[in-house]
Amino acid sequence: MAANPVETAVQPGARKLIHAVCSHDCPDSCGVLVTVDELTGKAVKVQGDPSHPVTRGFLCGKVAKYLDRVYSPDRLLYPMRRKKGIPKGPAGYGAVKGREADAFERISWDQALDEIAAKLTKIAADFGPESVLPYSYAGTIGQLGYGSMDRRFFHRLGASQLARTICAEAGGTALKAVYGVKLGTVPQDFVHAGLVIAWGANIHGNNVHLWPFIEEARRRGARLVVIDPYRTRTAALADEHLAINPGTDTALALGLMHVILSIGLEDHDYVAACTHGFEELRAHALKPEHSPESVAKATGIDAGTIVRLARAYAAAGRNGSSGPAVIRLNYGIQRSENGGTAARAVCMLPLLTGAWKHKGGGLLLSTSGSFPFNDKVLQMPELMLASPLGRAARVVNMSQLGRALTTLGSDATDGPQVKALFVYNSNPAAVAPNQNDVLRGMKRDDLFTVVHEQFFTDTADYADMLLPAPTFLEVKDVQGAYGHLFAQVSNRAIAPLGEARSNVAMFGELARRMGFDEPCFDDREDELIDQALKSENPWFAGITRERLEREGHVPLQMPVDANGDVLPFSTAEWFKTASGRGELLPVPVFAAPTESRANAAKGAYPLEFLPRKADNYMNSTFANIPLHQRMEARTAGVLEMHATDAAAREITTGDAVEVFNSRGSITLRALVNAQVAAGVVAARLDWNKLSANGANVNALTSETLTDIGGGATFYSTLVEVRKGQADIR
Ligand SMILES: Nc1nc2c(c(=O)[nH]1)N[C@H]1C(S)=C(S)[C@@H](COP(=O)(O)OP(=O)(O)OC[C@H]3O[C@@H](n4cnc5c(=O)[nH]c(N)nc54)[C@H](O)[C@@H]3O)O[C@H]1N2
Ligand SMILES: Nc1nc2c(c(=O)[nH]1)N[C@H]1C(S)=C(S)[C@@H](COP(=O)(O)OP(=O)(O)OC[C@H]3O[C@@H](n4cnc5c(=O)[nH]c(N)nc54)[C@H](O)[C@@H]3O)O[C@H]1N2
Ligand code: SF4
Ligand SMILES: [Mo]
């Protein structure tokens with residue numbers, strides 16, 4: 001239809017407001033209002049949606065200045081191919097920041113897609129389709145961008161499947177083992193709590209939209225207790241900080257149970273109605289090895305404190321004067337060798353006290369199970385049967401990428417060697433554990449690597465083919481959340497920059513070049529959103545694309561009690577376990593991580609290392625943005641250590657230090673402070689190429705997997721530290 005020039009003429013200065021959703025890997029999934037200049041089509045402002053009950057009109061420090069990222073001069077804007085003869089890795093451009101493009105030549109999308117299709121077709125024919133490995137995580141958590149057309153593509157190809165374990169699998173599996181479903185306390189209801197325990201949860205840094213509800217609860221008299229080996233911003237602002245020894249949370253949870261059960265503070269009626277295995281758990285928890293005195297030895301928290309916390313926890317919500325106890329458990333607890341068991345043990349605590357019965361009580365790890373998105377229709381795993389494999393493809397664990405790229409295929413039983421790596425939504429060169437093996441694998445000349453990215457990340461340095469990706473302002477998507485209960489549509493606010501193409505469009509077009517002729521590869525955003533929302537589950541009743549487009553965010557239709565409140569696990573109907581109850585079996589057994597001081601105190605690497613997330617970055621995202629670097633300056637490139645450990649090594653603040661173990665070595669600058677206890681040291685995740693010797697904290701972490709869920713064990717890492725020779729930047 002011809003445009004009417006009168007209607008489409010735009011007045012200078014005219015603005016429109018578009019509702020989008022922050023797609024970063026954060027529990028808060030904020031509603032974002034984007035102001036767009038209609039004449040230029042440029043976004044001029046982002047703000048938190050004031051009408052969203054959890055966003056409440058503000059954004060975190062990382063996203064408040066988002067236009068710095070969207071319009072960064074460093075954005076990847078065109079497809080590029082590695083120049084012939086240029087080696088992979090930062091050496092390819094002389095490792096000079098800003099010279100990355102020198103290693104590549106610009107090509108058209110047509111050329112790029114044709115070449116990638118030809119390469120993947122040949123590799124699949126020569127080595128079997130499982131020699132292609134997709135690698136993606138949560139660059140975007142929009143349903144479509146995270147996993148829809150990409151999965152269809154790789155399923156139809158017969159590529160290896162990726163087990164996406166790197167973040168939340170141990171804890172998520174643990175939560176489901178106890179409750180059968182990933183649900184938790186409604187975040188807005190935290191205002192009614194009388195005791196908030198942040199357990200392995202850096203709320204102020206990683207989940208800031210929960211904070212105002214906790215502050216409100218504290219104004220009404222609640223206490224905040226933080227259980228974290230590191231003195232986070234959250235811990236510094238709390239009423240009490242318990243600096244637990246890393247990896248000992250199972251012991252603490254059992255110690256709390258010991259006190260509660262020995263005094264008989266459990267809620268008998270709730271336990272009888274809603275749990276399974278109580279008598280076994282009770283007998284186990286009451287063993288002497290779980291007494292406060294024994295637990296104090298393992299955890300480093302004194303016995304009196306354990307008794308006090310247990311009593312306060314059990315009493316909360318019962319005496320009428322204060323609100324109930326709520327635990328904000330987060331994934332920090334499960335990045336440890338026995339982290340799955342630890343999460344399971346903590347998840348059992350509110351089952352003993354019946355905290356779930358009260359508004360604002362219970363536990364929140366993730367609410368993602370509340371969103372019945374139709375992943376099966378979005379991802380179509382049945383396409384694997386239409387692939388040349390004709391069966392389900394092998395599964396490769398993303399937390400062992402180094403192994404996958406360097407040793408997989410050497411044994412006839414584990415399938416072909418990985419010959420093609422297709423990376424999107426992720427920066428594995430920086431975020432995957434055991435980095436030296438990862439990079440050794442990525443350097444392989446016989447590995448064909450495609451990277452779909454917004455920036456020249458550490459992973460882009462190893463690409464054969466680089467494709468430009470959009471930010472969330474540039475694509476339409478639908479999103480749930482793992483920290484609230486609102487479904488949202490994210491509208492496209494601005495046209496993609498340069499030649500950026502969304503994950504959906506890119507994989508759809510690549511499928512055509514590969515000759516995949518199923519109609520599903522024609523689906524685009526609106527069709528996929530409709531499919532995602534098509535659900536029999538009543539919690540999605542009345543939630544349609546049109547409604548989300550109109551209203552921005554819509555609350556899930558969750559069951560409510562007589563007062564209209566959503567109280568998960570307040571009654572037995574909520575549990576989705578095999579027993580139909582809160583599952584207390586098998587009883588959680590404490591074992592200190594193999595790689596911890598408890599087992600290696602006199603070994604070569606005596607210090608426990610916390611390779612942490614930065615408060616002002618999102619994993620490795622934002623690490624290259626100058627504004628964020630300035631916000632993070634105090635701790636970037638720094639090793640935080642206790643005075644005792646520093647003195648023993650003749651180290652003082654400002655010294656260059658080498659942090660090392662059998663896997664690798666990095667250079668940092670010492671900061672002697674009280675953020676960690678003696679025996680523990682901490683540093684931040686950054687880009688390798690922005691770090692002093694071109695390697696970040698993951699040069700030290702291992703590919704050991706968690707006890708449950710096959711997750712990564714970043715926080716079970718032993719190191720030694722010595723004063724460095726060289727002066728560093
Ligand atoms: N600013 C910012 N926000 C983020 C992210 C980010 O990188 N930066 N990342 C996002 C992502 S991907 C995720 S998964 C979430 C994660 O959010 P969180 O689960 O809060 O993540 P972590 O920071 O890994 O861990 C939380 C805390 O656990 C502590 N911890 C480490 N080991 C142990 C232990 O053995 N026991 C106990 N009790 N605590 C321990 C750490 O010191 C840390 O302060 O945050 C999201 N939000
Ligand atoms: N040492 C240590 N390592 C860790 C952690 C830790 O705490 N310590 N945390 C772990 C955890 S919890 C997680 S979740 C992982 C996170 O690992 P990743 O998911 O790899 O996270 P990011 O580093 O944020 O990288 C995401 C990349 O996706 C890109 N991206 C964003 N949107 C899109 C898009 O629409 N399309 C495409 N193609 N790309 C896009 C971004 O530019 C960014 O470079 O890291 C893990 N690694
Ligand atoms: S990163 Fe989290 S807190 Fe920040 S804007 Fe995005 S969803 Fe909100
Ligand atoms: Mo994560």
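Hi everyone, I'll walk you through two ligands and one small sheet in this structure. Please keep in mind that we are looking at a predicted model.

Let's start with ligand 1. Where does ligand 1 lie with respect to domain 2 and domain 3? Domain 2, which covers 170–365 plus 568–583, gives residues to the shell around this ligand, and so does domain 3, at 597–723, so ligand 1 lies between them. There are 31 residues around ligand 1, and those that come nearest are Asp 228, Asp 249, Arg 612, Tyr 617 and Asn 619. If you sort that shell by character, you get 14 nonpolar, 9 polar and 8 charged residues.

Now for some individual contacts. A nitrogen atom of ligand 1 sits 2.6 Å from a backbone N or O atom of Tyr 617. For Ala 614, a backbone N or O atom is 2.9 Å from a nitrogen atom of the ligand. Asn 619 offers a polar backbone atom, 2.7 Å from an oxygen atom of ligand 1. And how much of ligand 1 does the protein bury? Taken alone, the ligand exposes 910 Å², and the protein buries 99% of that.

On to ligand 2. Here the shell takes residues from domain 1, made up of 80–162, 378–472 and 496–536, and from domain 3 (597–723), so ligand 2 lies between those two. Which residues come nearest to ligand 2? Of the 32 residues around this ligand, they are Ser 426, Glu 453, Asn 503, Ser 620 and Thr 621. The shell divides into 14 nonpolar, 13 polar and 5 charged residues.

Glu 453 also shows up when we look at atoms: an N or O atom in its side chain is 2.4 Å from an oxygen atom of ligand 2. The side chain of Arg 69 has an N or O atom 3.1 Å from an oxygen atom of the ligand. With Met 618 the backbone takes part, with an N or O atom 3.2 Å from a ligand oxygen. Taken alone, ligand 2 exposes 920 Å², of which the protein buries 97%.

Last stop, the sheet. Its 3 strands form an open, antiparallel sheet in the order β1-β2-β3. At the edges are β1 (15–21) and β3 (43–48), each pairing on one side only. Neighbouring strands are turned by 25° against each other on average, ignoring direction. Strand β2, residues 31–37, pairs with β3 over 5 bridges. One pair to look for there is Val 34, whose bridge partner in β3 is Val 46.

Thanks for listening!

Technical notes. Residues numbered from 1 in each chain as written. Chains lettered and ligands numbered in written order. Predicted model: local features only at pLDDT ≥ 70, side-chain atom pairs only at ≥ 80, totals over all residues. Heavy atoms only, no water. Near = heavy atom within 4 Å. Polar contact = N/O pair within 3.5 Å; in protein donor to acceptor, adjacent residues only side chain to side chain. Areas by Shrake-Rupley, 256 points an atom, 1.4 Å probe, with all protein chains shown as cover. Nonpolar A, V, L, I, M, F, W, Y, C, P; charged D, E, K, R; others polar. Domains from an automatic or database assignment. Pairing = 2+ DSSP bridges. Helix = DSSP H or I, 4+ residues; strand = E, 2+ residues; numbered from the N terminus. Axes fitted to C-alpha atoms, helices over the stretch in contact; angles between N-to-C directions.
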